[in-house]
Amino acid sequence: MKIELSEEAQHWQAVAREYADDYLQAHEVEAELNEGELPAEISKRNKYRALELGFTEIDVPKEHGGRELSMECQAAIWEQLGRTTNALSWCFPEPQEWMFDACTEQQLEQYVLPMMRGEKKDCYAITESGPGSDVSGLDATAVKDGNDYVLNGEKWYVTSANLADFFWFQAHIPDEDDDALFLVDQGTAGIEITATPKFSHSYAAHHPTYLFTDVRVSAAQRVGRPGDGMAYTHSWFRHERLMIGARSCGAAARLIEDAMEFANNRIVDGLPLSEKQLIQVMLADSATELYASRLMTFAAARACDQGEDPKALHSRCSMVKLYVSEMANRVADRAVQIFGGRGYMRENVAERFFRELRVDRIWEGTSEIQRLIIARSLLKRGLDKM
Ligand SMILES: Cc1cc2nc3c(=O)[nH]c(=O)nc-3n(C[C@H](O)[C@H](O)[C@H](O)COP(=O)(O)OP(=O)(O)OC[C@H]3O[C@@H](n4cnc5c(N)ncnc54)[C@H](O)[C@@H]3O)c2cc1C
């Protein structure tokens, strides 16, 4: 499906497509049947190829040795990586542009630039059992004590923590009545895993629960300046919501292609399944919704590149996350239906995506929370300024 993309974005699209098809896709079933794990040599090969291709550098400013790609190019890459299941594309760290604004030189040297070189991996500890969707009311605290902060709190669903070297830990600072992120090394005294729940998908990246009890970090580990509050967490949300849109487009495209191929080859009543109009309806609705999704995802990416006001951008990224993640779930449901009983087998791409895409309607803010953000923006700014 063609939509207008810059030449540079088309280049990155082709690079990422080849990587997704040649390096990742072939290992999906193996990963699915092995709790998401691949043999160490395959994981290593995939990571090093991603490093060679420059995927860890795409959102890093040029002055720090990065490629500083436009969001349009980044969305083109993540769209293609979204074509694979089992989170196999999460095999490289992802330093993001906001980190270079938020972090001190020392923090960049110690944490962010090693991510770009593939030497360190991060994870985000924000959600709690009480304040889940409402991240403004965190119970975790950071209390200043001399040159240190003492962190306390329980964090749920800390994705990739089993593979990560450090946390971005969000806490409330009672003295300032404000929130901030802290960089905390794995293994710091007082950090404990209290649960590693199983989830619907089969990923090598787990989502454990962590208890932080009197974890002492130096004041130099605090990210940003007093008063920054949740600003950087919101930057991260915007970025992720847009890229969830991109990945969901890739997933939907793969599902449509694979379901169509099956429908062309499956003979029912002496004819290919694809000649049945009820099947064609499902394919046509899926392709139409994908077209709309791709247009809005790349339009939002270009709005980022053009420096649109962050508040307007925030609701635009929410619209992308809401519409495109829900679109991909509908497409996965139809794909399972087209495959019939085969679509219920774990070796089938539709079955895996049917489970995996469900979480895109939950994490980085549920569909309901995206609707609240969009409605607030609409009521405050009006349609013309959205
Ligand atoms: C697999 C997985 C990985 C995750 N990874 C991370 C991670 O790495 N780091 C991290 O910090 N978090 C992570 N999360 C947490 C995720 O962001 C939260 O689950 C999500 O924001 C929802 O919060 P909650 O689960 O507490 O749901 P709740 O807030 O309890 O919401 C329950 C339901 O109520 C609805 N709801 C809540 N408030 C309102 C409202 N005001 N109006 C209408 N409806 C409302 C929600 O939409 C939802 O349907 C992860 C979650 C999952 C499942």
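Trainee: How far apart do the C-alpha centres of domain 1 and domain 3 lie?
Mentor: Good place to start, and keep in mind that this is a predicted model. The protein is divided into domain 1 (7–116), domain 2 (122–223) and domain 3 (231–385). Between the C-alpha centres of domain 1 and domain 3, the separation is 21 Å.

Trainee: How many residues of domain 3 are in contact with domain 1?
Mentor: Let's look at both sides of that meeting place. Domain 1 brings 27 residues to it. On the side of domain 3, the count is 29 residues.

Trainee: Against which helices do the buried residues of α4 pack?
Mentor: Helix α4 covers residues 71–81, and 11 of its 11 residues are buried. Among them are Met 71, Gln 74, Trp 78 and Leu 81. The partners of these buried residues are α1 (7–24), α7 (231–265) and α8 (277–305).

Trainee: Which residues does His 239 touch, leaving out those up to four places away in sequence?
Mentor: His 239 has its place in helix α7, and α7 is one of the helices that the buried residues of α4 pack against. Two residues of α4, Met 71 and Gln 74, are among the contacts of His 239. The full list is Asp 59, Met 71, Gln 74 and Gln 96.

Trainee: Is His 239 buried or exposed?
Mentor: Use the cut-off here: a residue is called buried if its relative accessible area is under 20%. The value for His 239 is 9%, so His 239 counts as buried.

Trainee: How far is the C-alpha atom of His 239 from that of Val 158?
Mentor: Along the chain, His 239 and Val 158 are 81 residues apart. In space, their C-alpha atoms are separated by 18 Å.

Trainee: Which residues outside its sequence neighbourhood of four places does Met 115 contact?
Mentor: Met 115 sits in helix α6. At 0% relative accessibility, Met 115 counts as buried. Its contacts are Thr 56, Pro 93, Glu 94, Pro 95, Met 99, Lys 120, Asp 122 and Phe 166.

Trainee: What is the relative accessible area of Gln 107?
Mentor: Gln 107 also has its place in helix α6, which runs over residues 105–116. Beyond four places in sequence, the residues in contact with Gln 107 include Leu 183, Ala 220 and Val 223. Gln 107 is buried, and its relative accessible area is 1%.

Trainee: Which residues are the closest to the ligand?
Mentor: The shell around the ligand holds 18 residues. By type, they divide into 10 nonpolar, 6 polar and 2 charged. The closest are Thr 127, Tyr 157, Thr 159, Thr 366 and Glu 368.

Trainee: Which helix gives the largest share of the shell around the ligand?
Mentor: Think of the domains to begin with: domain 2 (122–223) and domain 3 (231–385) each supply at least three residues to the shell. The largest share is 3 residues. They come from helix α11 (residues 367–381).

Trainee: How much of the ligand's accessible area does the protein cover?
Mentor: Let's go through some polar pairs before the total. A backbone N or O atom of Ile 126 is 3.0 Å from an oxygen atom of the ligand, while a polar side-chain atom of Thr 366 is 2.6 Å from a ligand oxygen. A side-chain N or O atom of Glu 368 also lies 2.6 Å from an oxygen atom of the ligand. Of the 960 Å² that the ligand has on its own, the protein covers 65%.

Trainee: Why does Ile 369 count as partly exposed?
Mentor: Ile 369 belongs to helix α11. Buried means under 20% relative accessible area and exposed means over 50%, with partly exposed in between. Ile 369 counts as partly exposed because its relative accessibility is 21%.

Trainee: What is the phi of Asp 269, a residue that is not a glycine?
Mentor: Asp 269 lies in the loop between β9 (267–268) and β10 (271–272). This residue is exposed, with a relative accessible area of 69%. Its phi is positive, at about 55°.

Trainee: And where is Ala 87 found?
Mentor: Ala 87 is another residue with a positive phi, near 50°, and again not a glycine. At 14% relative accessibility, Ala 87 counts as buried. Its place is the loop between α4 and α5 (97–102).

Note on methods. Residues numbered from 1 in each chain as written. Predicted model: local features only at pLDDT ≥ 70, side-chain atom pairs only at ≥ 80, totals over all residues. Heavy atoms only, no water. Buried < 20%, exposed > 50% of the residue type's maximum accessible area, 1.4 Å probe, protein only. Helix = DSSP H or I, 4+ residues; strand = E, 2+ residues; numbered from the N terminus. Contact = heavy atoms within 4.5 Å. Near = heavy atom within 4 Å. Polar contact = N/O pair within 3.5 Å; in protein donor to acceptor, adjacent residues only side chain to side chain. Areas by Shrake-Rupley, 256 points an atom, 1.4 Å probe, with all protein chains shown as cover. Nonpolar A, V, L, I, M, F, W, Y, C, P; charged D, E, K, R; others polar. Domains from an automatic or database assignment.
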